[in-house]
Amino acid sequence: HSQTRDISWNFKWDVNDRWSLQNDVQWVHGTASSQGSQITLATFVPSMGIAVNGSSPVRLGFDQSTVDFLANPGNYFVDSMYTGRNKGSADLFAWKGDAQYKIDRGVLRDFRFGVRLTDRTSTNVDASASTIPNGGGSTWYGIADPWEVKQTSIPGHLPGVNDGLSWQSRGSFGYFSDPRYASLVPTQTIAFKNFFNGKVGPAPSLIAPDLATVKGYPGTFQNLPQILKLQCEDGNTLFGTSNDCSTRGSDWKPLTYNGDPAQTNKAHEHTQAVYGTLRFADDDLRFPTEGNLGLRVVRTSTVVEGYTVFAAPTNPPPDAPTFDSIAAQRTVDRSYFNFLPSLNIKTDLTSKLQGRLALSQGMYRAGFGQLQAYQTLNQNISTTDGVENISYTGDGHNGNPRLKPMRANNFDASLEWY
């Protein structure tokens, strides 16, 4: 959901036959909020045919038993779920003043110059960010965890104690054929009519979560982590183990805007620019020519606020370096100049043929979303054959407040026939 308000004012004044002035002021205010939720179901397709015949499109084939299998909700299980929440607001204030002086002497036509000022601010709040792990809530959350499931040695039967690896604690994925699992996720059948216009063969119907369940976050998601507890209990019953299942799935949390300052990234940008453009033309040449020569000078300054987070490892080895946890606000400011010349020339080669040449330098600033200053530091400790390996890493969370603008040298030449 987003809303934008835009207020602008324009003023023009022809002072006399040579001088003209123009003034523009604009204010733009925007707000946006978004939430996305997803529940992924999975199954194992019994069989599928793939036909590749020369240049014909790849065709898929499913026998009737597979079609019936895929249409049965009891053959599916919950693989994972995902949620994202963020909101933000932004303001833009802009002013530009332009002047034009008509010369009309010799080859000089007029001189145009002006000033540009902008002030942009943006505040973005990401519910998944936090100064503590999972403090803001869960985003992607795995349910199936296939590495924990023993693989059976007898097809069609549940695995036994001696199947799989000793540390694998589960005997199934929690298929919806069990009413305890099916009751947690209402489903619907999705039919793929005229799949790829029928060019790749008919596609079987598949089972998906009911749309109301997916859209009902967080209430409809609350019970899904119970699947992990049920799977653990089923594993104890199947293998005669006594694993503690009481906390399985309890680490899932709904995303909330909890006031943690690490959830908020702020950016502020000021720009000041001046430009001048000299227009010229000579109709007395063998090939009449006109064009303009210009220069723009731009100063950009940015201030980005974010957070640096370090969660110290719990129970590190005695000889490992120890550090205190960090949750510190981070502010990065920088400024830079850009000088951007340009030249444009048009020549009439004939009454119907024109030649154009354009040379310029340009620049493109990184967006506020790319300048985020939220940074996570990590101390990674692992032990292999009694040897401790310690490494240090940092995660910029898709942002770098020190990004430089992209610069481009532009060249364009063309012939136009009219």
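Arg-356 sits in strand β13, residues 353-364; helices (H or I, at least four residues) and strands (E, at least two) are DSSP runs, numbered from the N terminus. The model is a predicted one, where local features need pLDDT of at least 70 and side-chain atom pairs count only at pLDDT 80 or more, while totals for chains, interfaces and linings use all residues. Residues are numbered from 1 along each chain as its sequence is written, and side-chain values use heavy atoms, with hydrogens and water left out.

Back to Arg-356: its relative accessible area is 34%, so it is partly exposed (buried is under 20% relative accessible area, exposed over 50%, partly exposed in between, with a 1.4 Å probe and protein chains only). Leaving out residues up to four places away in sequence, Arg-356 touches Ile-345, Lys-346, Asp-412, Ala-413, Ser-414, Glu-416 and Tyr-418, where contact means heavy atoms within 4.5 Å. With Glu-416 there is also a side-chain to side-chain polar contact of 2.9 Å. Such a contact is a pair of N or O atoms within 3.5 Å; within protein, one must be able to donate a hydrogen and the other to accept it, and residues adjacent in sequence count only if both atoms are side-chain atoms.

Strand β10, residues 264-282, is home to Thr-271. This residue counts as buried because its relative accessibility is 7%. Its side chain makes a polar contact of 2.2 Å with the side chain of Thr-118. Beyond neighbours within four places in sequence, the contacts of Thr-271 are Arg-116, Leu-117, Thr-118, Arg-299, Thr-300 and Arg-365.

Arg-365 turns up again in the lining of the largest cavity, together with Glu-269, Thr-302, Arg-334, Tyr-336, Ala-366, Leu-371, Pro-401, Leu-403, Lys-404 and Pro-405. On a 1 Å grid over the protein atoms alone, a cavity is a set of points where a 1.4 Å probe fits but cannot get out, and lining residues have an atom within 4 Å of a point. One cavity of 30 Å³ or more is found in the structure. The largest cavity holds about 70 Å³ of space, a volume being the space filled by probe spheres set on the points, which are joined across faces, edges and corners. Sorted by class, its lining has six nonpolar, one polar and four charged residues (Ala, Val, Leu, Ile, Met, Phe, Trp, Tyr, Cys and Pro count as nonpolar, Asp, Glu, Lys and Arg as charged, and the others, Gly among them, as polar).

Next comes helix α4. Its 14 residues, 226-239, should span 20 Å at 1.5 Å a residue, and the end C-alpha atoms are 20 Å apart, so the two agree; the expected span is 1.5 Å times one less than the number of residues. Buried residues in α4 include Ile-227, Leu-228, Cys-232 and Phe-239. The buried residues of this helix pack against β5 (77-105), β7 (141-142) and α2 (179-182). Just past α4, Gly-240 has a positive phi of about 70°.

The loop between α3 (211-215) and α4 contains Pro-218, and the peptide bond leading into it from Tyr-217 is cis, with omega near 5°. Two more backbone oddities share the loop between β8 and β9, namely Asn-194 and Phe-196. Neither is a glycine, yet phi is positive in Asn-194, at about 55°, and in Phe-196, near 50°. Asn-194 counts as exposed because its relative accessibility is 55%, and Phe-196 does so at 57%.

Definitions and conventions:
1 Å grid on protein atoms, 1.4 Å probe; cavity = no way out; pocket = protein on both sides within 12 Å on 5 of 7 lines; lining within 4 Å.
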